[in-house]
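Morning, everyone. I have one model to show today. Please look at the screen while I talk.

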Number of protein chains: 2
Amino acid sequence: MPPALPLDADCRPDCPIAAAGEVLSGKWTTLIFRDLFGGTRRYSQLQASLAGISPRILADRLRMLEERGLVHRRVIPSVPPKTEYSLTDWGRRIEPVLVALAGFGQMVQGIGARA
Amino acid sequence: MPPALPLDADCRPDCPIAAAGEVLSGKWTTLIFRDLFGGTRRYSQLQASLAGISPRILADRLRMLEERGLVHRRVIPSVPPKTEYSLTDWGRRIEPVLVALAGFGQMVQGIGARA
DNA sequence: GTAACTACTTCACTTAGTGAAGTAAATTTC
DNA sequence: GAAATTTACTTCACTAAGTGAAGTAGTTAC
């Protein structure tokens, strides 16, 4: 039985895996999705959770994801103003990727433990 | 019903998603897996398929994946010698990630078409 | 008036990736 | 027998991406 989606090299030039890779480019994007999958988060919460991320990169990634319609940004007019980020309906469709990555990552951790 | 694998921010410090991200780091790694998922490939075949990859990066990634036990490297003692790369049993377990990425990528392409 | 708070931006620096060129060794071509 | 070919890389100079410390803006608490 062939796979449900084309995984072979012939999926170019409009390869969906490459398209996903463009959205998930950079070290931090999947981890931002992971955190937002847990619910709405503020900028400072994301920065604390993503230990080591540069504020510039966090702002860049959030802006990119918002432009693509995967993340919603909401400014709360308090003092000082706060910003909330959450996944859109489109963004929530990253879930199967995160689940698959978590499964693969657990396997990789298992290899590392025995190596 | 909670997700089968921990997707929330509390999955640190040994977050399996972050572990997967380390293996799949860089622009090209998932595309190398995609190509090798289609079967054994030679270095020159991968270089042709991954249009634009630098030979240094291709060699680096293949070496990293071999060291992690996800890719098998076989030198054929012909003249000039050829090198074949294939997925190991561990490496083949990337399949669910590729399938999920392909599904997400198709959705992203769909968004792009209407934006 | 000084400090604190939040969400950033700016800037100098390091790391990752690019792409053209070079290497090695045998083998076919002239 | 000298030159060109083939494959899998390596080297090197350059550009892009990411880091991390510091700064900014506007308001309120002291």
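I will take the symmetry, then each DNA strand, then the pocket.

One caution to begin with: this is a predicted model.

Symmetry comes first. How are chain A and chain B related? A rotation of 180° superposes chain A on chain B, with 0.0 Å of shift along the axis. The RMSD of that superposition is 0.1 Å. That is the relation of a two-fold axis. Which C-alpha of chain A is nearest the axis? The one of A:V97, at 3.1 Å from it. The two copies use the same surface: 100% of the contact residues of chain A recur in chain B.

Now DNA strand D. There are 23 residues around this strand. The ones that come nearest are A:R61, B:S44, B:R73, B:T83 and B:Y85. What part of strand D does the protein approach? Of the atoms of DNA strand D that come within 4 Å of the protein, 67% are sugar and phosphate.

Three phosphate contacts are on my list for DNA strand D. The side chain of B:R73 has an N or O atom 2.7 Å from a phosphate oxygen of DNA strand D. For B:S44, a polar side-chain atom sits 2.9 Å from a phosphate oxygen of that strand. For A:W28, the distance from a side-chain N or O atom to a phosphate oxygen of DNA strand D is 3.3 Å.

Which elements build this surface? From chain A, α4 (55-67) supplies at least two residues. From chain B, α3 (43-49), α4 (55-67) and β3 (82-87) each do so as well. The most comes from α4(B), with four residues. By class, the surface near DNA strand D has ten nonpolar, five polar and eight charged residues.

On to DNA strand C. Here 22 residues surround the strand. The closest are A:S44, A:R73, A:T83, A:Y85 and B:R61. Sugar or phosphate holds 72% of the atoms of DNA strand C within 4 Å of the protein, and the rest belong to bases.

Again, some contacts. A:R73 places a polar side-chain atom 2.8 Å from a phosphate oxygen of DNA strand C. B:K27 does this at 3.1 Å. B:S54 goes to a base: a side-chain N or O atom of B:S54 is 3.0 Å from a base nitrogen of DNA strand C. As for elements, α3 (43-49), α4 and β3 (82-87) of chain A give two or more residues to this surface, and so does α4 of chain B. Which one gives the most? It is α4(A), with four residues. The surface near DNA strand C divides into nine nonpolar, five polar and eight charged residues.

Last item, the largest pocket. How much space lies in it? About 720 Å³. Its lining has 30 residues. Nearest the centre of the largest pocket are A:L24, A:G26, B:L24, B:S25 and B:G26. From chain A, α1 (16-23), α2 (29-37) and α6 (95-114) each supply at least two lining residues. From chain B, α1 (16-23) and α2 (29-37) each do too. The largest share is six residues, from α1(B). By class, the lining of the largest pocket has 17 nonpolar, nine polar and four charged residues.

That is my tour. Questions, please.

Notes
Residues are numbered from 1 along each chain as its sequence is written. Chains are lettered from A and ligands numbered from 1 in the order in which they are written. This is a predicted model: local features need pLDDT of at least 70, side-chain atom pairs count only at pLDDT 80 or more; totals for chains, interfaces and linings use all residues. Side-chain values use heavy atoms; hydrogens and water are left out. Copies are superposed by least squares on the C-alpha atoms of residues with pLDDT of at least 70 in both. Contact means heavy atoms within 4.5 Å. A residue is near a molecule or strand if one of its heavy atoms lies within 4 Å of it. A polar contact is a pair of N or O atoms within 3.5 Å; within protein, one must be able to donate a hydrogen and the other to accept it, and residues adjacent in sequence count only if both atoms are side-chain atoms. Ala, Val, Leu, Ile, Met, Phe, Trp, Tyr, Cys and Pro count as nonpolar, Asp, Glu, Lys and Arg as charged, and the others, Gly among them, as polar. On a 1 Å grid over the protein atoms alone, a cavity is a set of points where a 1.4 Å probe fits but cannot get out, and a pocket is an open set with protein on both sides within 12 Å along at least five of seven lines; lining residues have an atom within 4 Å of a point. Grid points are joined across faces, edges and corners, and a volume is the space filled by probe spheres set on the points.
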